[in-house]
Structure formats: structure tokens, C-alpha cells
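The exercises below are meant to be worked through with the sequence and the model side by side. Each task is followed by a solution that goes step by step.

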Amino acid sequence: MTTKSRQHLYGTQIKISAERAKEARKEADKLACAAWNYRMLGYRGPAQPSPTVGDAINAGFLYLEVRCLGCDTNQTVALDVVRRAKTTPVHELQRYMRCKDCSEVRRYPYRRSALVALRPTKISADNPASYWWPGER
């Protein structure tokens, strides 16, 4: 007479628990990114503490919106192509952001930029740029 293996007895429970944990992490990451967005859009910062790049990607926020303080344009940066570790906080990316148009005009890398918010989509006609406070536009 044989007994049932532990895999047979507990395998389903382990898989279900792992799926619940994955969903809970995704929901927690989504709430952390939303809180950071509200803080950035409502108060214009502070950017610290911020979620990590990996948390933002896990939550579905694949783009970072950045505003150039020189020419006052908003651009999006895809977080999945950023060449930094996934454990890097989003606010640390600010020092690497450069405006291409302002850099060409000044002929040196122009770094004055401000982080605006995390976005699920790129800036387009259907999804306009975020604004910091009512009446800005």
C-alpha cells in the first residue's frame, strides 16, 4: 500500500498561494505608483521616495513622463528600455534625462528636466500630457 506524495497533497495549494501573492504584489505596486503620481501631480514633488523601475513595470506603468524646463515640453521615456537595474528608484532617473532639442540648440547636453508622472501609455492626441495643477493649460 502506498501513500500520496506531498506534491499531490499540497501542490494545488502551493500554486494557488503563489498566484495570490503575485496578484497582491501587482496590486501593491499599482497603489504605490498611483500614490507617487498623486504626490507628483498634486504637489509638484517631492520625487522621493519613489517606486522602483521594476515595480512600475509590474504595475503596468511602462512610461515615465518628463518635462523639460528649458523648452517646456513633455516627453515620455519607456521604462523597459532604460539601461538601469530594475531595483533603481524612479527618482534617480531624473539626473540622466536630457532634452534632445535643447541640447542641439545649446550644443551641450542640457539636463534641466523634471519628473512629472508614471504613465501606462505614451503621450499622444488621445492621451495628452499630464498637467500639474488645474488651470495650467
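**Exercise 1.** Which residues of E1 lie on one side and which on the other, and are the two faces covered or open?

*Solution.* The model is a predicted one, in which local features need pLDDT of at least 70 and side-chain atom pairs count only at pLDDT 80 or more, whereas totals for chains, interfaces and linings use all residues. Residues are numbered from 1 along each chain as its sequence is written, and side-chain values use heavy atoms, with hydrogens and water left out.

Begin with the general rule that side chains in a regular strand alternate between the two faces of the sheet. In E1 this places Tyr63, Glu65 and Arg67 on one side and Leu64, Val66 and Cys68 on the other, and both faces are covered. Buried here means under 20% relative accessible area, exposed over 50%, and partly exposed in between (1.4 Å probe, protein chains only). By that criterion 6 of the 6 residues of E1 are buried.

**Exercise 2.** Determine which strands pair with E1, and in which sense.

*Solution.* Strands are DSSP runs of E with at least two residues, helices are runs of H or I with at least four, and both are numbered from the N terminus. Two strands pair if DSSP finds at least two bridges between them.

Take E2 (residues 74-78), which pairs with E1 in the antiparallel sense over 5 bridges; within this pairing, Thr76 of E2 is the bridge partner of Glu65. The hairpin of E1 and E2 has 5 residues between the strands, and Asp72 takes a positive phi near 60° there.

Turn next to E3 (residues 113-119), whose pairing with E1 is also antiparallel, over 6 bridges. In E3, Ala114 stands opposite Arg67.

**Exercise 3.** Describe the surroundings of Cys68 in E1.

*Solution.* Cys68 lies in strand E1 (residues 63-68), and it counts as buried because its relative accessibility is 6%. Leaving aside residues up to four places away in sequence, Cys68 touches Thr73, Cys99, Cys102, Tyr110, Arg112 and Ser113, where contact means heavy atoms within 4.5 Å. Cys68 and Arg111 are 43 residues apart in sequence, yet 8.3 Å apart in space, C-alpha to C-alpha.

**Exercise 4.** Place E1 within the order of elements, and describe the overall extent of the protein.

*Solution.* The protein has 3 helices and 3 strands, which run α-α-β-β-α-β from the N terminus on. Along its principal axes the C-alpha trace spans about 85 × 35 × 30 Å. Of the 137 residues, 32% count as buried.
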